[in-house]
Amino acid sequence: MIEAVGLTKRYGAKTAVDDLSFQVRPGAVTGFLGPNGSGKSTTMRMILGLDRPTAGHVTIGGHPYRDLPNAPRQVGALLDAKGVHGGRSARNHLLSLAQLAGIPAARVDEVLGVVGLQDVAKQRSRGFSLGMGQRLGIAAALLGDPQVLLFDEPVNGLDPEGIHWVRNLMKMLAAEGRTVFVSSHLMSEMALTADHLIVIGRGRLLSDMSVTDFISANSADFARVRVPDDGPGERRKLTASLIEAGGRVMTEPGGALRVTGLPLPRISDLAHGCGVRLWELSPHQASLEEAYMRLTQGLVDYRSTDDAKAGLVEPLPQDPYGSADGFASPEPVEVPQEGWYAPPPPVPGRAPAAAPAPSPAATAGPAPAADAVVGPSSAAAVAEPSSAAAAGEQTSKDLR
């Protein structure tokens, strides 16, 4: 069993772990949750004697880690899958750890088979993928067949098959009576793996209870009620009856009713008493992720903002008449004067475009010429958009 009492760790003016007390009992998978920067990794390092607490203490089986005789035979841990000499093969890495702890060499081949790395045992670890590195780290944690195991993000980089394997491995180890302490950010995976949860935020304990109790305590269960679509009067009648009985009713986008505060049998009885037919009456429970987000939403240190993308949208280069290819457009526009690029230079030598037939609207007033050519003679028009508009007006008058 792991027991922390008043565990505190400060780095200068920053308090990473603040008066943290909890117990991790054997026979269950205990999930260790918290936002980034909440102190999870620091806590695990103090459990393993890698960091010395500023105050308080933590013990494993009643003893500090440093006082455990032949600790690798009693405690296995995966904190950093990259903590491996890249020039060593997977087997030699595990063999060196085994020799330091007095573990038989045959055990190395056993754990390589357990984690599925027997076919790459002689390959250097520097060529391993992230998932293969995770498997090697798990093999190192299992090497001494310990009774206490700590895993920090063990499924990071694993494919779905690997995640499923780790989940079953954790459950199997706990079923054997071992103490299994797992840190993870994957709420869906923790919901399937963990039996008990310890949740911290900004170094302080937020929750220490079973997964089921945690979800119930930090979310509201509800019943979804659906009546025939052609019966708005029935929906209103049922809503009034449910509110009168002490329930709370909310309308969902699809027309269903979300009812809280009343058990399902009571809702059914009320609907029957009103003479309202039910198409759906189903219980719904919040997920672990929803309950976790509700508990920790005010304790997140790193929050993202919307990307405004200011100044990144560059308009297409246009000539003074608004044409991207140098030909005149129906109406003159101003050349953009702001942006990362200067306005384009005049395009000489372009052939004039065919003039469209004048419309009745064109005879009502001046309009730009359709056959105006942007060439050397129109350099002044490029420099002065207002002059370009005047020139267009004059050209139209000449055509008429």
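Is Pro146 buried or exposed? Keep the question in mind; the tour comes back to Pro146 after the surroundings have been shown.

**The whole chain**

Start with everything displayed. This is a predicted model. The protein has 400 residues, and buried residues make up 39% of them. Colour by secondary structure to see 12 helices and 13 strands. Turn on the surface next: the accessible area is about 21,800 Å², and carbon and sulfur atoms account for 53% of it. Among contacts with a separation of 6 or more, 67% join residues that are 24 or more positions apart.

**The six-stranded sheet**

Select β5, β6, β7, β3, β8 and β9. In that order they form an open sheet with mixed pairing. Its edge strands are β5 and β9 (204-210), each of which pairs on one side only. From one strand to the next, the twist averages 15 degrees.

Zoom in on β5 and β6. These two strands are parallel and are joined by 4 bridges. Show Ala77 and Leu150: Ala77 stands opposite Leu150, which belongs to β6. Now add α4, which packs on this sheet and touches β5 and β6. The direction of α4 makes about 170 degrees with that of β5.

**Helix α4**

Select residues 130-142. This is α4, with 13 residues. From the first C-alpha to the last, α4 reaches 19 Å, close to the expected 18 Å. Of its 13 residues, 10 are buried, so the rest of the structure largely encloses the helix. The buried residues include Gly131, Arg135, Ile138 and Leu142. To see what covers them, display β5 (75-78), α2 (90-101), α3 (106-115), β6 (148-152) and α5 (160-175), which are among the covering elements.

**Ser96 in α2**

Stay with one of those covering helices, α2, and select Ser96, which is found there. Its relative accessible area is 19%; since buried means under 20%, Ser96 counts as buried. Then show His93. The backbone oxygen of His93 lies 2.7 Å from a polar atom in the side chain of Ser96.

**Pro146**

Go to the loop between α4 and β6, where Pro146 is placed. Here is the answer to the opening question: Pro146 is buried, with a relative accessibility of 1%. Which residues is Pro146 in contact with, leaving aside its neighbours within four places in sequence? They are Pro72, Arg73, Gln74, Val75, Gly76, Ala141 and Arg178. Select Pro72 from that list and draw a distance between C-alpha atoms: Pro146 and Pro72 are separated by 7.2 Å, although they are 74 residues apart along the chain.

**The four-stranded sheet**

Finish at the other sheet by selecting β11, β12, β10 and β13. These 4 strands, in that order, form an open sheet with antiparallel pairing. The edges are β11 (248-251) and β13 (280-284), and each pairs on one side only. Neighbouring strands here are turned by 25 degrees against each other on average, direction ignored.

At one edge, β11 runs antiparallel to β12 (residues 257-260), and 4 bridges join the two. Show Arg248 and Thr260 together: Arg248 stands opposite Thr260 in β12. Last, select residues 264-274, which make up helix α9. The helix lies across β10 (222-226), β12 and β13, and runs at about 160 degrees to β13.

Note on methods:
Residues are numbered from 1 along each chain as its sequence is written. This is a predicted model: local features need pLDDT of at least 70, side-chain atom pairs count only at pLDDT 80 or more; totals for chains, interfaces and linings use all residues. Side-chain values use heavy atoms; hydrogens and water are left out. The expected span of a helix is 1.5 Å times one less than its number of residues. Buried means under 20% relative accessible area, exposed over 50%, partly exposed in between (1.4 Å probe, protein chains only). Contact means heavy atoms within 4.5 Å. Accessible areas come from the Shrake-Rupley method with a 1.4 Å probe; for residues, only the protein chains shown count as cover. Two strands pair if DSSP finds at least two bridges between them. Axes are lines fitted to C-alpha atoms, for helices over the stretch in contact, and angles run from 0 to 180 degrees between N-to-C directions. A polar contact is a pair of N or O atoms within 3.5 Å; within protein, one must be able to donate a hydrogen and the other to accept it, and residues adjacent in sequence count only if both atoms are side-chain atoms.
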